[in-house]
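Visitor: Could you take me in for a close look at a single part of this structure? I'd like to start from one residue and then see what lies around the rest of the chain.

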Amino acid sequence: MQDGCTPWPEEFAERYRAAGYWRDETLGELLGGLARSHPGKTALVAGEERWSYAELDARTDRMAAGLHRIGIGPGDRVVVQLPNIPELVTLMFALFRIGAQPVLALPAHRSSEITYFCEFTDAVAYVIPDVHVGFDYRELAAEVTARVPTLKHVLVAGDPGDFTALPLDGEPAGLPRPDPAGVALFLLSGGTTGVPKLVPRAHQEWSYSGRAVAEACDYGEETVHLVSLPLSHNWPLTHGLLATFHAAGTLVLAPGPSPDEAFPLIERERVTETGLIPGAALLWMEAAEWDEYDLSSLRRVTIGGTKLQPEMARRVEPALGCRLQQAFGMAEGLCGFHRWDDPQDVVLVSQGLPVSPADEVRVVDEDDNDVAPGEVGRLLARGPYTVRGYYRAPEHNAKTFTADGFYRTGDLVRLLPTGHLIFEGRVKDQINRGAEKIAAEEVENHLLAHPSVREVALVGLPDDVLGERSCACVVPRGTPPTLAELAAFLRDRGVAAFKFPDRLEIVPRLPLTPLGKVSKKTLAGMFH
Ligand code: J2J
């Protein structure tokens, strides 16, 4: 493990290797193996492209060599901000192959977030599309490169303008072999603090998370998985890309989750599996009533990222004509999925069962004592694919991980006797807006810079479609700001739009808890 990352203690690493969870294989080698065992099988369908495992592997090799040729090498960080296009897959595996490390940003991120990721990781390259959903990423790149001296390359999928075009090409001979125990990539944590946290995921443990999901979901070569959420999130990456590849199935990329984009692909590609957040599932269920597309290939839809209410869960199977599965998980590791033979009542009310037999979960009170079986408490997680620390964050790690290595998820859950987990809420200061996670403190810090904001608390309010939406409770300085002014202010500061408050409430003061902290519970109750 490199500097700034927390390794697993040797006794755990040995145990995970001995049990076969961790293999002596990099993610680049995983793809190489598939190209040998299933050369002609379709690996990836996206837009007009349809690549077999052999073709994806060859493209990956050439891109790896091209990246290496321009000086990107082992341990270099590359901030990747691509939508669901095939180049995202080739680029990730090309970087894995040469031991360079993608830092996966979302297309929605703007200069504030991207500059931070580049600076914090000393990134040498930044990869963008040319224009996506009406936004010119080359302008963003010009702004970021002017601020970050370590950035040597901006690579563009599409018209490069003043930058360098992807794909790069080269002769794939003599490339270095990365360490399977080393960091493969950095995922973004949902975050609870002023700045986003990065989760370092190692080749062997992250690869295992995908294999464990493939086993829990009984994926096989016949699996055709449609990803319509942004692929750079951990959930579509592990449940979509990694699990599907481990099973030598086919991954289909949709630009977005709307029925217009997804249904034609389901019909054309005979999609069998897909993951959806509850809000998108609602749209699918409505559209399926009158849409003509043939969705009969769907074997199962998986819903997660934010809580699926049991009343809605009940409607999924009849509306979409396939099985429902729920998914619960986090970029830090632990994830749970239902199994095919789980009883219906368990599938409706719980969010899944951890995927690995070696996952350790504890449900504790605020003093870290185990609660009685079946009671609600704080979820702690440890295991062969749950990280032991965030990147370059020793102080935060000391608070977020227990002395014996459990990750404090910040989630409130209770466990059924079967081990299935029911999500009951959060203790972390985070808003889950349609599965996009917002760290309240990060947005509050930006808003505090507004001249009309004296104090602010960002709280989550329940929402039928998104699960939660955000409400800024502002104690004004002078004339109170408007919601539109605050949005414009955040846009100017280069903050991603999903973090803009949905609602504004002007308050004379922020209510406090007996300990003198702002009581977000009281605020949420006031504006419910
Ligand atoms: C309620 N809250 C949920 C659910 C995640 C699989 C599935 C999801 C993610 C993910 C993931 C929830 N009901 N079904 O990485 O592998 C909330 C919890 C959790 C946080 C993590 C995966 N599923 N959540 O959503 O890193 O609060 O990962 O701690 O984006 O989402 O968010 P994230």
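**A close look, starting at E442**

Guide: Let's start with E442, which sits in helix 14, the run covering residues 440-448. Keep in mind that this is a predicted model. E442 has a relative accessible area of 7%, and since the cut-off for buried is under 20%, E442 counts as buried. As for its company, leaving aside residues up to four places away in sequence, E442 touches E113, T193, G194, P196 and K499.

Now for the ligand. The shell around the ligand holds 18 residues, and the ones that come nearest are A327, A331, D411, K428 and K437. Two of those names come back when you look at polar atoms. For A327, a backbone N or O atom lies 2.7 Å from a nitrogen atom of the ligand. For K437, a polar side-chain atom lies 3.0 Å from an oxygen atom of the ligand. N234 also joins in, with a polar side-chain atom 3.1 Å from an oxygen atom of the ligand. Taken alone, the ligand would expose 610 Å², and the protein buries 96% of that. Helix 8 (234-246) and strand 16 (323-330) are the elements giving two or more residues to the shell, and strand 16 gives the most, with four residues.

Another buried spot worth a stop is T223, in the loop between helix 7 (203-216) and strand 12 (224-227). T223 has a relative accessible area of 3%, so it is buried. Setting aside residues up to four places away in sequence, T223 touches T244, G249, T250, T272 and E273.

That leaves the nonpolar packing. The largest nonpolar core has 119 residues, and within it L67 and F245 touch the most other members. Helix 4 (residues 86-98) gives the most to this core, with nine residues. The same core takes at least three residues from each of domain 1 (26-40 + 52-179) and domain 2 (207-426). Zoom in on L67 and, again not counting residues up to four places away in sequence, you'll find it touching I72, L91, A94, L95, I98, L155 and L168. Apart from the largest core lies another one, of 24 residues, with C118, L140, V183 and F186 among them.

How values were computed
Residues numbered from 1 in each chain as written. Predicted model: local features only at pLDDT ≥ 70, side-chain atom pairs only at ≥ 80, totals over all residues. Heavy atoms only, no water. Buried < 20%, exposed > 50% of the residue type's maximum accessible area, 1.4 Å probe, protein only. Contact = heavy atoms within 4.5 Å. Core = buried A, V, L, I, M, F, W, Y, C linked by side-chain atoms within 4.5 Å. Domains from an automatic or database assignment. Near = heavy atom within 4 Å. Polar contact = N/O pair within 3.5 Å; in protein donor to acceptor, adjacent residues only side chain to side chain. Areas by Shrake-Rupley, 256 points an atom, 1.4 Å probe, with all protein chains shown as cover.
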